[in-house]
Amino acid sequence: MIHLALLGLGTVGQGVYEIVNSVKDTSFRGKSIAIKKILERDTNKLTLLGVPHEQIAGSIDDIVHDPDINVVISVLGGMEPEYTFIKEALSNGKHVVTSNKAIVSSHLEELLSLAIANDVTILFEASVGGGIPIISSLIETLKINEISSIHGILNGTTNYILTRMKNEKRSFEEVLKEAQRLGFAEANPSADIDGYDIMRKICILASIAFKTPVKEEDVHLRTLSNVLLDDLQMATYYGYELKYIGKAVMENGTYTISVTPTLIPKTSVISNVNEEYNIIVIDGSIIGELCFMGKGAGKDATANAVVSDVLKVITSDIANDDIQLDSKAVSSGLEGIYNEYYIRICVDDYKEFSKAVNLIAEIVKRNKLVYSYGKLFVLTEKIPAQTMKTLYEKLQRVAQNVFYARLENNLL
Ligand code: HSE
């Protein structure tokens, strides 16, 4: 019997509890699993699930110093105390499975080293893409291939918002509340709508794929929170869909990494991934493009990924040195990046209109501008990302609500 400890009975923790109890009599290569201790401060959650008294841990010490416990499942959320708990578990020779992307994204290198030093494994499949087995697939692909790019839809909440806004002509705020009710959104929705959730996920994937500890500050991050229904409708008018995309590209030892609202041709695969579904495309040197799609958020999808990791640990399907971070790659920043852009500016009066047009006319021909009901719409030629950033800052000084998105014409 493999004894597990569960830290946290939130949405994911409850899902894990239910799955483990439903498979507890099953044998996995001769081993079965059972939860021995649960650490959860909220007694209501313990009562609601009917957790037996003997399973309730008083503190993390009850878990990390229990010699029977082999695997600690850590699904608390936030940075502390979970970061300390994970390090204590690893230092005391426990395998760790976590869904905490903030911790993995910021401390991956340190946690992998700590696991190796203590001859245990840390796995974190559920930190990216909910139920999609992307991390184990990356590890497998890297055994034979080099990976030159990863991109996709990595946030269920914002994909759900964009889908429902467009299909039901509803406002951003209204659909966000619905996504929160459905359990897709993070506790602080800014993590979803301002891109921090995607930033962490793309950092984790890029670190594994490019074998280098990619830092969050290297990510060119842009919020989705000021998108309007008009933007989705204009994207359609131009032949595109608007999606919130995480993208990491490696070229000659330099990586570029971004989280940006993006216009993608309607006919591409990614454009047709809707609701809370995620899609991740990787480009391998031998296998070519591989595409993974599935539910990227929600209790069952995420809990499924956690329990799969537990099974990988107990059956030794993944070794603690399968992820290597020894490459010396560096970040490119915005240097050398060119894109076409879609820009939308809300203008209140003629003065704002004329200032905005003059600023845009410095880089775009005037006949490319469309004006409709207080809004200016523009598609630019290919321009440096830095030029677009500067233009955006200037436009924000003359108009209230400015939004821009990159155009990507060659994504799968
Ligand atoms: N809030 C996240 C999402 C949950 O919407 O994708 C899964 O990481």
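Two strands pair if DSSP finds at least two bridges between them. Strands (E, at least two residues) and helices (H or I, at least four) are DSSP runs, numbered from the N terminus. The model here is a predicted one, in which local features need pLDDT of at least 70 and side-chain atom pairs count only at pLDDT 80 or more, while totals for chains, interfaces and linings use all residues. Residues are numbered from 1 along each chain as its sequence is written, and side-chain values use heavy atoms, with hydrogens and water left out.

**Strand β13 and its partners**

Let's start with β13 (338-346). Seven of the nine residues of β13 are buried (under 20% relative accessible area with a 1.4 Å probe, protein chains only; exposed is over 50%, partly exposed in between). β13 pairs with β17 in the antiparallel sense over seven bridges, and in that pairing Glu 340 has Leu 407 of β17 as its bridge partner. Strand β15 (residues 375-379) also runs antiparallel to β13, joined to it by five bridges; here Ile 343 stands opposite Val 378. Strand β16 (residues 383-384) pairs with β13 over two bridges, again antiparallel, and Pro 384 is the bridge partner of Tyr 338.

**Strand β3 and its partners**

Strand β3 (residues 69-74) is mostly covered too, with five of its six residues buried. Its pairings are parallel: five bridges link it to strand β1 (residues 2-7), and four link it to strand β4 (residues 95-98). Leu 4 stands opposite Val 71 in the β1 pairing, while Ile 73 has Val 97 in β4 as its bridge partner.

**The two pockets**

Rolling a probe the size of a water molecule over the atoms shows where empty space is left. A pocket is an open set of points on a 1 Å grid over the protein atoms alone, where a 1.4 Å probe fits, with protein on both sides within 12 Å along at least five of seven lines; lining residues have an atom within 4 Å of a point. A volume is the space filled by probe spheres set on the points, which are joined across faces, edges and corners.

The largest pocket has a volume of about 870 Å³. It is lined by 40 residues, and the closest to its centre are Val 12, Lys 101, Ala 185, Glu 186 and Ala 187. Helix α10 gives the largest share of this lining, four residues.

The second largest pocket has a volume of about 690 Å³. Of its 38 lining residues, Lys 247, Ile 337, Tyr 338, Asn 339 and Glu 408 lie nearest the centre. Strand β9 gives the most to this lining, with six residues, and β13 and β17 are among the elements that each supply at least two.

By class, the second lining has 14 nonpolar, 14 polar and ten charged residues, and the lining of the largest pocket has 13, 19 and eight of these classes in turn. Ala, Val, Leu, Ile, Met, Phe, Trp, Tyr, Cys and Pro count as nonpolar, Asp, Glu, Lys and Arg as charged, and the others, Gly among them, as polar.

**Around the ligand**

Residues near the ligand (one heavy atom within 4 Å of it) include Lys 101, Ala 185, Glu 186, Asp 192 and Lys 201. The table gives some polar contacts, meaning pairs of N or O atoms within 3.5 Å.

| Side chain | Ligand atom | Distance |
|---|---|---|
| Lys 101 | oxygen | 2.9 Å |
| Thr 157 | oxygen | 2.6 Å |
| Asp 192 | nitrogen | 2.8 Å |

Lys 101 is thus one to look at twice, being among the residues closest to the centre of the largest pocket and one of those around the ligand.

Terms used:
A polar contact is a pair of N or O atoms within 3.5 Å; within protein, one must be able to donate a hydrogen and the other to accept it, and residues adjacent in sequence count only if both atoms are side-chain atoms.
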